[in-house]
Amino acid sequence: MMKILVIHGPNLQLLGEREVSVYGKVTLKQINAALEKEAKTLGVALAIEQSNHEGAIVDRVGNARESFDAILINPAAYTHTSVAIRDALAACGLPAVEVHLSHIYRREDFRQHSMTAPACVAQVTGFGKDSYLLGLRGLVAYASQMKPKKKTSAVRKRK
Ligand code: DQA
């Protein structure tokens with residue numbers, strides 16, 4: 001079964017009470033429940049995590065190849081600043097989709113650039129909770145078409 005790592009970045013644990021006019025009343029718990037339901041329909045397994053720490057996200061992405069086939073990520077504020085998360089996504093060799101609840105290109109100037117999106121296969125922005133569900137569907141379709149990943153730990157035969 002395909003395994004997908006879902007990463008929620010900083011402050012997303014506050015959804016439902018945080019800037020409701022921008023992000024709505026949906027809570028992270030509700031988003032995660034909707035993701036689990038969608039994953040069941042798609043026949044994939046999820047591991048869902050939230051972190052407020054850039055380094056923790058870098059570590060998680062960096063180690064993901066061992067246990068996962070793809071990454072769904074909302075890097076939140078780190079979207080706009082983190083060269084380290086972008087590099088981790090590029091280095092990990094797994095397909096990733098970036099999602100945002102709000103439409104980042106209609107907001108403040110500093111949000112209109114994503115540092116991390118170029119290291120992802122796609123970005124979904126502006127559909128609220130549905131950005132996650134659409135992102136998951138797209139990611140599963142994309143990853144299903146990829147060749148099985150090679151085991152990095154395998155001992156290579158000498159020629
Ligand atoms: C966000 C958009 C970011 O600009 C912001 O810092 C967030 C949430 C979104 O999902 O709309 O924390 O990633």
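**A colleague's note on the ligand site and the cores**

1. A good place to start is the ligand. Its surroundings are made up of Arg18, Tyr23, Asn74, Ala76, Ala77, His80, His100, Leu101, Ser102, Ile104, Arg107 and Arg111. Sorted by kind, this shell holds five nonpolar, four polar and three charged residues. Please keep in mind as you read that this is a predicted model.

2. Next, look at the polar contacts to the ligand. A side-chain N or O atom of His80 sits 2.7 Å from a ligand oxygen. For the side chain of His100, the distance from such an atom to an oxygen of the ligand is 2.8 Å, and for that of Arg18 it is 3.0 Å. As for cover, the ligand on its own would expose 320 Å², and the protein buries 99% of that.

3. Arg18 deserves a second look. You will find it in the loop between S1 and helix H1 (20–23). Is Arg18 buried or exposed? It is buried, because its relative accessible area of 17% falls under the 20% limit. Leaving out residues up to four places away in sequence, Arg18 touches Pro10, Asn11, Leu12 and Tyr23. Tyr23 is also one of the residues around the ligand.

4. Now move to Thr79, in the loop between S3 and helix H4 (83–92). With a relative accessibility of 0%, Thr79 is buried. A polar atom of the Thr79 side chain lies 2.5 Å from the backbone oxygen of Ala76, and Ala76 is itself part of the ligand's surroundings. Beyond four places in sequence, Thr79 touches Glu98, His100, His113, Ser114, Met115 and Thr116. His100 will be familiar from its contact with a ligand oxygen.

5. Away from the polar contacts, have a look at the largest nonpolar core, which has 27 residues. Those with the most contacts inside it are Ile4, Leu35, Leu46, Leu72, Leu101, Tyr132 and Leu136. Two or more residues each come from strand S1 (3–8), helix H2 (28–42), strand S3 (70–74), strand S4 (96–100) and helix H5 (129–144). Which element gives the largest share? That is H5, with six residues.

6. Tyr132 is a handy residue for exploring this core. Setting aside residues up to four places away in sequence, Tyr132 touches His8, Leu12, Ile31, Leu35, Leu72, Asn74, Val99 and Leu101. Among these, Asn74 and Leu101 also belong to the ligand's surroundings.

7. Finally, do not miss the second core. It is separate, has 17 residues, and includes Ile57, Val61, Ala64 and Leu89.

Note on methods
Residues numbered from 1 in each chain as written. Predicted model: local features only at pLDDT ≥ 70, side-chain atom pairs only at ≥ 80, totals over all residues. Heavy atoms only, no water. Core = buried A, V, L, I, M, F, W, Y, C linked by side-chain atoms within 4.5 Å. Buried < 20%, exposed > 50% of the residue type's maximum accessible area, 1.4 Å probe, protein only. Helix = DSSP H or I, 4+ residues; strand = E, 2+ residues; numbered from the N terminus. Contact = heavy atoms within 4.5 Å. Near = heavy atom within 4 Å. Polar contact = N/O pair within 3.5 Å; in protein donor to acceptor, adjacent residues only side chain to side chain. Areas by Shrake-Rupley, 256 points an atom, 1.4 Å probe, with all protein chains shown as cover. Nonpolar A, V, L, I, M, F, W, Y, C, P; charged D, E, K, R; others polar.
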